[in-house]
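Good morning, colleagues. I should like to take you through one structure, beginning with a single helix and working outwards from there.

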Amino acid sequence: MSYIQNVYPIQSRDAIARDVFDYVVACPDIASQSHAGQFVHIRVAGHTLRRPISICGIDAAKGNIRIVFEVRGSGTDEMAKFNVGDQVDILGPLGNGFTLLGSDKKALVVGGGIGVPPMVEVAKHYGENATAVIGFRSASAVILEEDFAAMGCDVRLCTDDGTRGHKGFVTDMVRQRLSEGAADIIYACGP
(Lines give C-alpha, C1' and ligand atoms only; values in the text may rest on other atoms or scores of the structure.)
Protein backbone atom coordinates (compact mmCIF):
# COMPACT_ATOMS: atom_id res chain seq x y z
CA MET A 1 0.00 0.00 0.00
CA SER A 2 1.32 3.43 -0.87
CA TYR A 3 0.56 6.60 0.99
CA ILE A 4 1.42 10.26 0.69
CA GLN A 5 2.60 12.77 3.29
CA ASN A 6 2.42 16.48 2.60
CA VAL A 7 0.85 19.73 3.81
CA TYR A 8 -2.49 20.82 2.36
CA PRO A 9 -4.83 23.82 2.73
CA ILE A 10 -8.19 23.63 4.46
CA GLN A 11 -10.87 24.77 1.98
CA SER A 12 -13.84 24.85 4.32
CA ARG A 13 -14.52 24.50 8.02
CA ASP A 14 -17.85 24.05 9.78
CA ALA A 15 -18.93 23.23 13.31
CA ILE A 16 -21.79 20.77 12.74
CA ALA A 17 -22.60 19.81 16.34
CA ARG A 18 -21.15 20.45 19.77
CA ASP A 19 -17.40 19.72 19.48
CA VAL A 20 -17.84 18.13 16.01
CA PHE A 21 -16.08 19.72 13.04
CA ASP A 22 -16.34 19.20 9.29
CA TYR A 23 -13.33 20.13 7.12
CA VAL A 24 -12.73 19.91 3.40
CA VAL A 25 -9.03 19.71 2.56
CA ALA A 26 -7.52 20.27 -0.90
CA CYS A 27 -5.21 17.30 -1.41
CA PRO A 28 -5.57 16.04 -4.99
CA ASP A 29 -2.91 13.35 -4.70
CA ILE A 30 -4.53 11.80 -1.62
CA ALA A 31 -8.06 12.22 -3.03
CA SER A 32 -7.12 10.40 -6.23
CA GLN A 33 -5.96 7.35 -4.25
CA SER A 34 -8.60 7.28 -1.50
CA HIS A 35 -11.42 4.76 -1.13
CA ALA A 36 -14.46 4.46 1.11
CA GLY A 37 -13.48 3.34 4.61
CA GLN A 38 -9.92 4.64 4.61
CA PHE A 39 -8.47 7.23 6.98
CA VAL A 40 -5.73 9.83 7.26
CA HIS A 41 -3.28 10.71 10.01
CA ILE A 42 -3.08 14.40 10.87
CA ARG A 43 -0.07 15.97 12.57
CA VAL A 44 -0.90 18.38 15.36
CA ALA A 45 1.76 20.76 16.68
CA GLY A 46 2.94 19.85 20.18
CA HIS A 47 1.83 16.20 19.90
CA THR A 48 4.13 13.30 19.09
CA LEU A 49 1.48 11.02 17.58
CA ARG A 50 -0.67 11.92 14.60
CA ARG A 51 -4.46 11.83 14.97
CA PRO A 52 -6.27 9.15 12.90
CA ILE A 53 -9.38 10.59 11.24
CA SER A 54 -11.76 8.71 8.95
CA ILE A 55 -12.32 10.02 5.46
CA CYS A 56 -15.95 11.12 5.25
CA GLY A 57 -16.01 12.13 1.60
CA ILE A 58 -13.83 11.94 -1.49
CA ASP A 59 -14.09 14.22 -4.51
CA ALA A 60 -11.26 13.12 -6.78
CA ALA A 61 -12.47 15.45 -9.58
CA LYS A 62 -12.14 18.50 -7.32
CA GLY A 63 -9.07 17.06 -5.56
CA ASN A 64 -10.34 17.14 -2.01
CA ILE A 65 -11.31 14.98 0.91
CA ARG A 66 -13.75 15.67 3.70
CA ILE A 67 -13.06 14.79 7.31
CA VAL A 68 -15.45 15.00 10.23
CA PHE A 69 -14.09 14.61 13.75
CA GLU A 70 -15.09 15.11 17.35
CA VAL A 71 -12.96 16.82 19.98
CA ARG A 72 -11.95 14.03 22.33
CA GLY A 73 -8.66 15.24 23.77
CA SER A 74 -5.93 17.85 23.50
CA GLY A 75 -4.90 16.81 19.95
CA THR A 76 -8.35 17.05 18.42
CA ASP A 77 -8.96 20.20 20.47
CA GLU A 78 -5.98 21.77 18.66
CA MET A 79 -7.32 20.47 15.32
CA ALA A 80 -10.61 22.24 16.04
CA LYS A 81 -8.70 25.54 16.01
CA PHE A 82 -7.60 25.11 12.37
CA ASN A 83 -9.10 27.69 10.01
CA VAL A 84 -9.78 27.98 6.30
CA GLY A 85 -6.46 28.47 4.51
CA ASP A 86 -4.38 26.83 7.25
CA GLN A 87 -1.92 24.21 6.05
CA VAL A 88 -2.43 20.74 7.54
CA ASP A 89 0.17 17.97 7.57
CA ILE A 90 -1.64 14.84 6.37
CA LEU A 91 -0.44 11.26 5.88
CA GLY A 92 -2.74 9.05 3.84
CA PRO A 93 -4.75 7.39 2.56
CA LEU A 94 -4.33 4.60 5.11
CA GLY A 95 -6.18 1.36 5.80
CA ASN A 96 -7.71 -1.14 3.41
CA GLY A 97 -11.11 0.48 3.15
CA PHE A 98 -14.38 -1.28 2.39
CA THR A 99 -15.07 -3.72 -0.42
CA LEU A 100 -17.90 -2.24 -2.45
CA LEU A 101 -20.31 -4.41 -4.45
CA GLY A 102 -22.10 -3.25 -7.58
CA SER A 103 -24.12 -0.10 -6.94
CA ASP A 104 -27.30 -2.03 -7.83
CA LYS A 105 -26.97 -4.12 -4.64
CA LYS A 106 -28.83 -3.23 -1.44
CA ALA A 107 -26.51 -1.97 1.29
CA LEU A 108 -27.13 -1.34 4.94
CA VAL A 109 -24.70 1.23 6.37
CA VAL A 110 -24.68 1.45 10.15
CA GLY A 111 -22.89 4.07 12.21
CA GLY A 112 -22.97 5.36 15.73
CA GLY A 113 -21.72 8.77 16.82
CA ILE A 114 -18.39 9.59 15.23
CA GLY A 115 -18.62 6.22 13.44
CA VAL A 116 -21.16 7.81 11.08
CA PRO A 117 -18.73 9.88 8.90
CA PRO A 118 -16.96 6.93 7.20
CA MET A 119 -20.38 5.58 6.16
CA VAL A 120 -21.09 8.63 3.95
CA GLU A 121 -18.73 7.60 1.15
CA VAL A 122 -20.06 4.03 1.23
CA ALA A 123 -23.67 5.26 1.02
CA LYS A 124 -22.72 7.52 -1.89
CA HIS A 125 -21.70 4.44 -3.88
CA TYR A 126 -25.08 2.73 -3.35
CA GLY A 127 -27.29 5.85 -3.41
CA GLU A 128 -30.98 4.94 -3.39
CA ASN A 129 -30.07 1.30 -2.76
CA ALA A 130 -28.64 2.16 0.66
CA THR A 131 -30.33 2.27 4.02
CA ALA A 132 -28.41 4.41 6.51
CA VAL A 133 -29.04 3.46 10.12
CA ILE A 134 -27.37 6.13 12.22
CA GLY A 135 -27.42 6.50 15.98
CA PHE A 136 -26.58 9.24 18.46
CA ARG A 137 -26.99 9.97 22.17
CA SER A 138 -29.55 12.72 21.57
CA ALA A 139 -30.98 15.08 18.93
CA SER A 140 -28.25 17.65 19.61
CA ALA A 141 -25.56 15.16 18.57
CA VAL A 142 -27.08 14.22 15.18
CA ILE A 143 -24.71 14.80 12.27
CA LEU A 144 -24.73 14.09 8.52
CA GLU A 145 -28.40 13.04 8.32
CA GLU A 146 -28.91 15.47 5.43
CA ASP A 147 -25.94 14.02 3.54
CA PHE A 148 -27.49 10.56 3.49
CA ALA A 149 -30.91 11.94 2.53
CA ALA A 150 -29.39 13.99 -0.32
CA MET A 151 -27.96 10.78 -1.80
CA GLY A 152 -31.41 9.20 -1.84
CA CYS A 153 -30.73 6.81 1.04
CA ASP A 154 -33.46 5.53 3.29
CA VAL A 155 -32.35 7.15 6.57
CA ARG A 156 -33.26 5.52 9.88
CA LEU A 157 -32.27 7.79 12.76
CA CYS A 158 -31.97 6.49 16.32
CA THR A 159 -31.26 8.36 19.55
CA ASP A 160 -30.59 6.81 22.92
CA ASP A 161 -32.98 9.22 24.64
CA GLY A 162 -35.66 9.34 21.92
CA THR A 163 -35.35 13.07 21.24
CA ARG A 164 -35.15 12.33 17.46
CA GLY A 165 -36.12 9.30 15.45
CA HIS A 166 -36.38 5.85 17.02
CA LYS A 167 -35.76 5.71 20.76
CA GLY A 168 -33.12 3.05 21.20
CA PHE A 169 -30.04 1.66 19.57
CA VAL A 170 -29.18 1.15 15.92
CA THR A 171 -29.37 -2.62 16.46
CA ASP A 172 -33.18 -2.27 16.74
CA MET A 173 -33.40 -0.75 13.27
CA VAL A 174 -30.83 -3.15 11.82
CA ARG A 175 -32.94 -6.12 12.94
CA GLN A 176 -36.04 -4.54 11.41
CA ARG A 177 -34.37 -3.80 8.07
CA LEU A 178 -32.86 -7.29 7.88
CA SER A 179 -36.29 -8.85 8.52
CA GLU A 180 -37.52 -6.83 5.53
CA GLY A 181 -34.72 -8.17 3.31
CA ALA A 182 -33.13 -4.74 3.01
CA ALA A 183 -29.49 -5.75 2.54
CA ASP A 184 -27.13 -7.71 0.34
CA ILE A 185 -24.27 -6.39 2.46
CA ILE A 186 -23.80 -4.57 5.78
CA TYR A 187 -21.14 -1.98 6.59
CA ALA A 188 -20.72 -0.78 10.17
CA CYS A 189 -18.60 1.61 12.20
CA GLY A 190 -19.14 3.03 15.66
CA PRO A 191 -17.82 3.66 19.11
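**An enclosed helix and its surroundings**

Helix H3 is largely enclosed by the rest of the structure, because eight of its 10 residues are buried. Please keep in mind throughout that this is a predicted model.

Which residues of H3 are buried? They are Pro117, Pro118, Met119, Val120, Glu121, Val122, Ala123 and Tyr126. Against these buried residues pack E4, E5, E7, E8, helix H4 (145-150) and strand E11 (185-189). Just after the helix comes Gly127, which adopts a positive phi of about 55°.

One member of H3 deserves a separate word, namely Glu121. Is Glu121 buried or exposed? Its relative accessibility is 12%; the cut-off for buried is under 20%, so Glu121 counts as buried. Leaving out residues up to four places away in sequence, Glu121 touches Ala36, Cys56, Gly57 and Ile58.

Let me turn to the sheet on which the helix rests. Six strands close into a barrel, in the order E1-E2-E5-E4-E3-E6, with antiparallel pairing. On average, neighbouring strands of this sheet are turned by 45° against each other, direction ignored. As a reminder, strands of a sheet pair through backbone hydrogen bonds, in either a parallel or an antiparallel manner. Within this barrel, strand E2 (residues 20-26) and strand E5 (residues 64-70) run antiparallel and are joined by seven bridges. As one example, Asp22 has Val68 in E5 as its bridge partner. H3 packs on this sheet, where it touches strand E4 (51-59) and E5, and the direction of H3 makes about 25° with that of E4.

I come now to the nonpolar interior. The largest nonpolar core has 25 residues, and those touching the most other members are Val109, Ala123, Phe136, Ile143, Leu144, Phe148 and Tyr187. Strand E7 (107-112), helix H3 (117-126) and strand E8 (130-136) each contribute at least two residues to this core. The greatest contribution comes from H3, with five residues. Apart from this core lies another, of 24 residues, which includes Ile53, Ile58, Ile65 and Phe69.

What does Leu144 contact, once its neighbours within four places in sequence are set aside? Its contacts are Ile16, Cys56, Arg66, Val68, Val116, Pro117 and Val120. Two residues in that list, Pro117 and Val120, are among the buried residues of H3, and Val68 is the partner of Asp22 introduced earlier.

To conclude, H3 packs on the sheet and also gives the most residues to the largest nonpolar core. Thank you for your attention.

Key. Residues numbered from 1 in each chain as written. Predicted model: local features only at pLDDT ≥ 70, side-chain atom pairs only at ≥ 80, totals over all residues. Heavy atoms only, no water. Core = buried A, V, L, I, M, F, W, Y, C linked by side-chain atoms within 4.5 Å. Buried < 20%, exposed > 50% of the residue type's maximum accessible area, 1.4 Å probe, protein only. Helix = DSSP H or I, 4+ residues; strand = E, 2+ residues; numbered from the N terminus. Contact = heavy atoms within 4.5 Å. Pairing = 2+ DSSP bridges. Axes fitted to C-alpha atoms, helices over the stretch in contact; angles between N-to-C directions.
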